[in-house]
Amino acid sequence: MDPTQTDRKPLTDARAYCPTLTLRKVTEEGAWLVDVREPEETAALAFDVPNLVQMPLSEFERRYTELPRDRELILACSAGARSLKATYFLMYHGYTQVANMEGGLDKWVRKGFPVRGDATAGTASCGCNRGTDAGCCTPSLTAKGCC
């Protein structure tokens, strides 16, 4: 066996939940919604649900152990790219009850689900970190000058 290899098993595909399933799991089943957007983003527009944890991706590696392993965790961001990274990070570190919310806050708002802040403004602060969040920017966000 190559000494540089480890006994780690390859990661399986991350579970993906739509906003509708996420809302049900958070409000009815006790799952936690973990918002990995940055503070300036959550100050402008935030999810309005119980069991909400705000843990910016910029702090995630340092703080992830604050998250329980015995509770379902659903990770979310603006569009789903950063939260998918965080989902795989948790899976890599042995968390088994994790899922990514597809479409992020953008899709959540389009569905009319509860938020704090001005939902009519959209998520113009998309959190793409100006190009450091590969796969986050869509043509519509780029047109807004976000990415």
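Select T87 first: leaving out residues up to four places away in sequence, T87 touches A14, L75, V98, A99 and N100. The coordinates are those of a predicted model. T87 is found in helix α4, and its relative accessibility of 0% is why T87 counts as buried. Add A16 to the selection and draw a distance between the two C-alpha atoms: T87 and A16 are 71 residues apart along the chain, and the separation is 9.7 Å.

**Strand β6**

From T87, move to N100, one of the residues that T87 touches. N100 has its place in strand β6. Is N100 buried or exposed? Its relative accessibility is 5%, so N100 counts as buried. Show the side chains of N100 and S83: a polar contact of 2.4 Å joins them. Then show the wider surroundings of N100. With neighbours within four places in sequence left aside, N100 is in contact with R15, A16, Y17, L75, G80, S83, L84 and T87.

Now colour the whole of β6, residues 98-101. In a regular strand, side chains alternate between the two faces of the sheet. In β6, V98 and N100 lie on one side, A99 and M101 on the other. Both faces are covered, and these four residues are all buried.

Which strands pair with β6? One is β1, which pairs with β6 in the parallel sense over three bridges. To find the register, select Y17, which stands opposite M101 in β6. Another is β5, joined to β6 by three bridges and also running parallel. Here the residue to select is L75, which stands opposite N100 in β6. Show β5, α4 and β6 together to see a β-α-β unit, which is right-handed.

**Helix α1**

Next, select α1, residues 19-28. Which residues of this helix are buried? They are P19, T22, L23, K25 and V26. Display what surrounds them: the buried residues of α1 pack against the strands β1 (15-17), β2 (32-35), β5 (73-76) and β6 (98-101), and against helix α5 (104-110). Just after α1, stop at G30, where phi is positive, at about 80 degrees.

**Charged pairs**

Side chains of opposite charge can pair when their charged atoms come close. How many salt bridges does the structure hold? There are eight.

Select K25 in α1 together with E72. These two residues form a salt bridge, with 3.3 Å between the closest N and O atoms. The pair links distant parts of the chain, since K25 is in helix α1 and E72 in the loop between α3 and β5, 47 residues apart. K25 counts as buried because its relative accessibility is 11%.

Keep E72 selected and add R15. E72 also forms a salt bridge with R15, and here the closest N and O atoms are 4.0 Å apart. E72 lies in the loop between α3 (57-63) and β5, while R15 lies in strand β1, so the pair ties together parts that are 57 residues apart in sequence. Compare the two ends of this pair. At 15% relative accessibility, E72 counts as buried, whereas R15, at 36%, counts as partly exposed. Adding R24 and E29 to the view completes the group: R15, R24, K25, E29 and E72 are linked in a network of salt bridges.

For another pair, select E41 and R82. They form a salt bridge in which the closest N and O atoms are 3.0 Å apart. E41 lies in helix α2 (residues 39-44) and R82 in helix α4 (residues 81-92), so this pair ties together parts that are 41 residues apart in sequence. Is this pair buried or exposed? Both E41 and R82 are buried.

**Cysteines**

End with C18 and C77. Which of the two is buried, and which is partly exposed? C18 counts as partly exposed because its relative accessibility is 31%. C77 has a relative accessibility of 2% and therefore counts as buried. How many disulfides are found in a search of the whole structure? The search finds zero.

Terms used
Residues numbered from 1 in each chain as written. Predicted model: local features only at pLDDT ≥ 70, side-chain atom pairs only at ≥ 80, totals over all residues. Heavy atoms only, no water. Disulfide = S-S within 2.5 Å. Buried < 20%, exposed > 50% of the residue type's maximum accessible area, 1.4 Å probe, protein only. Helix = DSSP H or I, 4+ residues; strand = E, 2+ residues; numbered from the N terminus. Contact = heavy atoms within 4.5 Å. Salt bridge = Lys/Arg side-chain N within 4 Å of Asp/Glu carboxyl O. Polar contact = N/O pair within 3.5 Å; in protein donor to acceptor, adjacent residues only side chain to side chain. Pairing = 2+ DSSP bridges. Right-handed = clockwise from strand over helix to strand, strands pointing away.
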